[in-house]
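Let's take a walk through this structure together, starting with a few annotated residues and ending in a strand further along the chain. Keep the model open beside you as you read.

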Amino acid sequence: MRVINKIEKAYDRNLILIFEGDKEFCEYISEDGKKLIATMIEKEEFTGKKGETLSVNFLQNGKLISMDILGFGKKEECSENIFREVLFKYLSGKSGAILISSNREELNRADLICEIVGNINYSFDEFKEKKSNKVDVEFFSSEAIDITESLILNEATDITRNLVDLPANIINPITLSERVIELGKEFGFEVEIFDDEKIQKLGMNLLYSVGKASATKPRLIVMRYFGDRESEDIMGLVGKGLTYDTGGLCIKPADSMMNMKDDMTGGATVIGTMCAIAKNTLKKNVVAVVPACENAINGNSYRPGDIIQSMNGKYVEIINTDAEGRLALADAITYIVRDEKVSEIIDVATLTGAMMVALGTFITGVFSNRDEVYSLLEKSCNKYGERVWRMPLNEEFAEELKSEVADLKHMGNRWGGAISAAKFLEIFAEGTPWTHMDIAGTAYNNSTKWYKKGASGVHVKGLYEYCKNR
């Protein structure tokens, strides 16, 4: 995606963006071209309704011009998300060079166009002989527009998507750690990896127990970026890094296991966010932690009924080994609070099926113990079409975590399962401002109309925006 102010080449398609009822489309069209378009509009009864397209071919200066006029509906009804939806639908399946322009100031949104082009052009095809076609978009503007930040956000989002799409035989706790080390060198943030011995030495027994049955033992991935050395304020990000989840001894059915490579999406999201923060050189301090492990099965697997001491000292009774993510996150949250001294935490995780039941695959459920944090996070996510909804944190759900044999259980009953999972995590924040994003529905095969199937990369941009503006 590029922004140009002078047309110097021919394009496979020229795309004009209009509102319903607009008559003037493009200044650089010849008079004969304008007459042809007017005739076609009358013949096709084209008005520019939402998603309506008129295609016209004509000669200009001896060259064949292929033009599409794309309607966005009534101006007063055209939100940013409608813009995303209409443009995504138009560009899907397209390839080659496309020039986009508009006489309408409200439709001159190079940032949104860049975002959608990024969504269109990402493809997980590295294991296919035939690669996917890309669309090469240039946006015509008479004014200089800097889209560097948008391009970097696309790049960072693609890093997240790719990590999620890669299968578990390629991405495991060790290889994920190795990739993050390389990303740190490339984008400019510090990386420290704790192996399973260091994890045990730190007392992170919950994390270790989840991953100890796997042939690839757990790793704690710590990423640090200090863009403002004069400030003591440190933003903390924690991402669930289950590179594969069999369910453990409470094994999942085969159909439910197929896409469990995506159970590390929370970790991939904070990795992508760190890439964007560092490359855009934000004047902020951010530390991100990913507890990376694989929930596998062998004679050493942790069991329902086990009692395990967490890093913060509390003893946790295990109820179901398929509720493993909150265990790994609990120790990671304790670590980032106590050892990295962060001022605030946002954790991101594909945590509960209950969240998908509540909000489907369109919306991320967010739990926060600070109103001002949620307000800014919602605004930050909405800027990029990432839809969120605040969920309750009522104390009644903490009652369900009481155990008769330990300090607490790691899950409550079936009802309100996403809330009781969040209440479990909140305990380990130890009073630090804390927010939890359950992306179980939105991380993969997001049903929003401007994402492809597969890894969505949702919330890389929103978290970046939040860190930028907090």
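Helices here are DSSP runs of H or I with at least four residues, and they are numbered from the N terminus. One such run is helix α10, which spans residues 325-338 and holds Arg326. Bear in mind as we go that this is a predicted model.

Arg326 makes a good entry point. The UniProt annotation "active site", from an unreviewed entry, covers Arg326 together with Lys252. Both Lys252 and Arg326 belong to the lining of the largest pocket. Is Arg326 buried or exposed? Its relative accessibility is 6%, and because buried means under 20%, Arg326 counts as buried. If we set aside neighbours within four places in sequence, Arg326 is in contact with Leu351 and Thr352, with His410 and Met411, and with Ala421, Phe424 and Leu425.

Now turn to the other residue under that annotation. Lys252 sits in a loop, the one between β10 (241-245) and α8 (254-257). With a relative accessible area of 14%, Lys252 is buried too. Which residues does Lys252 touch, not counting those up to four places away in sequence? They are Asp245, Thr246, Gly247, Met257, Met260 and Asp322.

Two of those names, Asp245 and Asp322, lead us on to another annotation. For "binding site", again in an unreviewed entry, UniProt lists Asp245, Asp322 and Glu324. These residues are spread over 80 residues of sequence, yet they cluster in space, with a largest C-alpha distance of 8.5 Å. The lining of the largest pocket includes Asp245, Asp322 and Glu324.

Let's look at Asp245 in more detail. This residue lies in strand β10 and is buried, with a relative accessible area of 2%. A polar atom of the Asp245 side chain lies 2.8 Å from the backbone nitrogen of Gly247. Beyond its neighbours within four places in sequence, Asp245 is in contact with Lys252, Met257, Met260, Asp263, Asn295, Asp322 and Glu324. That list brings in Lys252 from the "active site" annotation as well as Asp322 and Glu324 from the "binding site" annotation.

Glu324 is our next stop. You will find Glu324 in the loop between β13 (315-317) and α10. Its relative accessible area is 1%, and Glu324 is buried. What does the side chain of Glu324 meet in a polar contact? The partner is the side chain of Lys240, at 3.4 Å. Leaving aside neighbours within four places in sequence, the contacts of Glu324 include Asp245, Asp263 and Asn295. Val210, Lys240, Leu242 and Tyr302 are also in contact with Glu324.

Next, move to helix α4 (residues 148-165), where Asn154 has its place. Asn154 counts as buried, at 10% relative accessibility. Its side chain reaches the backbone oxygen of Cys114 at 2.8 Å. Not counting residues up to four places away in sequence, Asn154 touches Cys114, Glu115, Gly118 and Lys461.

For a contrast in accessibility, try Gln200 in helix α6 (residues 196-201). Gln200 is partly exposed, with a relative accessible area of 37%. Measuring C-alpha to C-alpha, Gln200 and Met311 are 9.3 Å apart in space, while 111 residues separate them in sequence.

We finish with strand β15. Why can we call β15 (residues 364-368) largely enclosed by the rest of the structure? The reason is that 5 of the 5 residues in this strand are buried. Thr364, Val366 and Ser368 point one way from β15, whereas Gly365 and Phe367 point the other way, and all are buried.

Strand β15 also has pairing partners to trace. With strand β16 (residues 388-390), β15 pairs in the parallel sense over 3 bridges, and in β16 the bridge partner of Thr364 is Val388. Helix α12 (residues 371-382) completes the picture, as β15, α12 and β16 make a right-handed β-α-β unit. With strand β18 (residues 434-438), β15 pairs in the antiparallel sense over 4 bridges. There, Ser368 of β15 stands opposite Thr435 in β18.

Technical notes
Residues numbered from 1 in each chain as written. Predicted model: local features only at pLDDT ≥ 70, side-chain atom pairs only at ≥ 80, totals over all residues. Heavy atoms only, no water. Buried < 20%, exposed > 50% of the residue type's maximum accessible area, 1.4 Å probe, protein only. Polar contact = N/O pair within 3.5 Å; in protein donor to acceptor, adjacent residues only side chain to side chain. Contact = heavy atoms within 4.5 Å. UniProt positions renumbered as here; feature names shortened; annotations may be inferred. 1 Å grid on protein atoms, 1.4 Å probe; cavity = no way out; pocket = protein on both sides within 12 Å on 5 of 7 lines; lining within 4 Å. Pairing = 2+ DSSP bridges. Right-handed = clockwise from strand over helix to strand, strands pointing away.
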